[in-house]
Amino acid sequence: MGTQRPDFAEFYRAAKDECLFTVLISVGDRDAAQELVAEAFARAWASWRTVGEHPAPRAWVVRTALNVNISWWRRRRREVPVPDPGLVADGSAADGGAGGSVDPPIMAALMRLPLRQRQVVALRLFLDLDTDHTAAMLGIAPGTVQAHLGRAIAALRHALMPERQQESR
Amino acid sequence: MNDSELLTAVREQRNKIPMTVPVAQVISRGRAVRARRRIAGLAAALAAAAGVAVAVTALLPATGPATRPAAGPAAGRPAVRAPARLAAWTVVKQPGGTVSVTIHELYYPAGLQRTLRAAGVPASVTFYASRRYPSWCRAYPASRAMLSKVFLPHPGAATTVIVIRPSALPAGAGVYLNDTSNPYGYVGLSAGLVRASMRCTGS
């Protein structure tokens with residue numbers, strides 16, 4: 001890809017918000033997402049010689065941030081109850097809180113997607129990864145990525161454009 | 001609003017939540033990460049020089065794929081490893097018959113499943129799935145006491161480790177491992193029991 005490694009500070013400035021939003025979509029909590037992304041960028045800085053030449057350094061950061069989450073498992077919570085994803089959409093955790101200006105209905109619709117669909121949407125739409133890179137990052141087939149994306153878009157359409165759904169019936 | 005406008009509206013959200021951590025703070029933390037790696041690398045080199053790495057075939061770990069292209073010792077060989085080349089996961093069969101699983105990344109679940117089965121643990125492993133275990137697996141009713149016999153505590157673990165005692169598995173039961181997430185936070189690991197079957201746990 002690129003022949004010259006970009007400056008880390010420049011990369012951070014350009015990528016931080018997109019990486020934060022992508023991780024937020026997966027974890028659902030802004031503060032937690034910010035901590036994870038900061039840690040991932042710190043690790044990227046520590047290995048910048050390698051990460052800076054990665055074909056998709058933003059994806060590297062996002063993946064690292066999500067992997068950092070594993071350490072929480074050390075607290076011996078082997079089973080974490082999974083509440084209704086719709087709950088978070090209606091709460092303040094995912095809407096960006098103070099300072100955020102996200103569209104609440106869009107965030108609610110995103111957070112109601114199943115986790116895998118959210119991950120695919122985040123990587124395809126927010127990080128602009130192509131299908132193959134998304135598939136490789138998630139460890140699934142490219143066709144599965146397309147299927148998840150198709151279902152996610154249908155669900156978003158249903159949630160955000162109900163009038164059009166009714167027209168098409 | 002058509003589909004194109006819908007996707008544009010969704011895409012536009014990505015820049016609406018600012019990351020407020022200053023770059024200087026990130027770099028400061030990065031320096032600490034780098035220093036820690038150097039210390040770990042030095043300790044490993046000293047241990048190797050002292051002949052601490054014992055080559056006992058039965059205890060050799062099976063490892064998952066390297067997280068970065070590795071140029072050096074083959075996976076599973078007792079040798080000094082640069083921290084940057086950590087495997088996604090490691091499975092070690094221990095002398096008492098227990099099997100320890102160390103997770104660094106949620107990656108290559110099929111390989112981990114195969115390795116666990118080879119180590120004598122009937123297992124089903126899924127990462128980033130919407131279900132706790134595949135639809136062809138069925139839950140095994142397990143009490144907390146039963147789980148604590150199969151999954152042993154690992155106090156002081158510096159990373160994500162789960163220790164499994166296959167001999168404590170009830171007849172007809174296998175292990176499942178997966179990641180868990182909740183809308184308020186974090187992806188972690190969960191472990192539990194499923195009914196053993198060829199399709200679900202390999203035996």
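Read from the N terminus on, chain A follows the pattern α-α-α-α-α-α-α-α-α-α. The model shown here is a predicted one. Chain A holds 10 helices and zero strands. Of the 169 residues in chain A, 45% are buried. Contacts between residues at least 6 apart in sequence were also sorted by separation, and in chain A 60% of them join residues at least 24 apart.

Chain B has another make-up, with five helices and eight strands. Along the sequence, the elements of chain B come in the order α-α-β-β-β-α-β-α-β-β-β-β-α. Chain B has 203 residues, and 30% of these are buried. Among its contacts between residues at least 6 apart in sequence, 53% link residues at least 24 apart.

The helices of chain A can be taken up through the nonpolar core. The largest nonpolar core has 50 residues, and the members that touch the most other members are Leu20(A), Val23(A), Val37(A), Phe41(A) and Val61(A). At least two residues of this core come from each of several helices of chain A, namely H1 (8-27), H2 (30-46), H4 (57-68), H6 (104-112), H7 (115-126), H8 (131-138) and H9. Val37(A) serves as an example. Apart from neighbours within four places in sequence, Val37(A) is in contact with Lys16(A), Cys19(A), Leu20(A), Val23(A), Val61(A) and Ala65(A), and also with Met19(B) of the other chain. A second core, separate from this one, has 30 residues, including Leu116(B), Tyr133(B), Val175(B) and Cys200(B).

Two of the helices that supply the largest core can be looked at one by one. H2(A) is 17 residues long and spans 24 Å from its first C-alpha to its last, close to the 24 Å expected at 1.5 Å a residue. Because 14 of its 17 residues are buried, H2(A) is largely enclosed by the rest of the structure. H4(A) has 12 residues and reaches 16 Å between its first and last C-alpha, again close to the expected value, 16 Å at 1.5 Å a residue.

H4(A) is mostly covered, with 11 of its 12 residues buried. The buried residues of H4(A) are Pro57(A), Arg58(A), Ala59(A), Trp60(A), Val61(A), Val62(A), Arg63(A), Thr64(A), Ala65(A), Leu66(A) and Asn67(A). In chain A, these buried residues pack against H1, H2, H3 (48-51), H7 and H8.

Val68(A) also lies in helix H4 of chain A. Val68(A) counts as partly exposed because it has 19 C-beta neighbours inside 10 Å, where 20 or more would make a residue buried. Not counting residues up to four places away in sequence, Val68(A) touches Leu36(A), Glu39(A) and Ala40(A). Glu39(A) is 29 residues from Val68(A) along the chain, and their C-alpha atoms are separated by 8.0 Å.

Further along chain A, the loop between H7 and H8 contains Asp128(A). Most residues other than glycine have a negative phi. Asp128(A) is not a glycine, yet its phi is positive, at about 60°. Asp128(A) has 14 C-beta neighbours inside 10 Å, so it counts as partly exposed.

The two chains also meet through a pair of helices. Helix H9 (residues 142-160) of chain A packs against helix H1 (residues 3-11) of chain B at an angle of about 95°, and their axes are 11 Å apart. The angle therefore makes H9(A) roughly perpendicular to H1(B). On the H9(A) side the residues that meet H1(B) are Ile153(A), Leu156(A), Arg157(A) and Leu160(A), and on the H1(B) side they are Asp3(B), Leu6(B) and Val10(B). The residues of this contact divide into five nonpolar, no polar and two charged.

Chain B offers one more position to inspect. Val150(B) is part of helix H4 (residues 144-150) of chain B. Val150(B) counts as buried because it has 21 C-beta neighbours inside 10 Å. Leaving out residues up to four places away in sequence, Val150(B) touches Ile164(B), Arg165(B), Ala168(B), Leu169(B) and Leu193(B). Val150(B) and Ser167(B) are 17 residues apart in sequence, with a C-alpha to C-alpha distance of 7.9 Å.

How values were computed. Residues are numbered from 1 along each chain as its sequence is written. Chains are lettered from A and ligands numbered from 1 in the order in which they are written. This is a predicted model: local features need pLDDT of at least 70, side-chain atom pairs count only at pLDDT 80 or more; totals for chains, interfaces and linings use all residues. Helices (H or I, at least four residues) and strands (E, at least two) are DSSP runs, numbered from the N terminus. Two residues are in contact if their C-beta atoms, placed from the backbone, lie within 7 Å. Axes are lines fitted to C-alpha atoms, for helices over the stretch in contact, and angles run from 0 to 180 degrees between N-to-C directions. Angles under 35 degrees count as roughly parallel, over 145 as roughly antiparallel, 65 to 115 as roughly perpendicular and the rest as oblique. Ala, Val, Leu, Ile, Met, Phe, Trp, Tyr, Cys and Pro count as nonpolar, Asp, Glu, Lys and Arg as charged, and the others, Gly among them, as polar. A nonpolar core is a set of buried Ala, Val, Leu, Ile, Met, Phe, Trp, Tyr and Cys residues joined through C-beta atoms within 7 Å. The expected span of a helix is 1.5 Å times one less than its number of residues.
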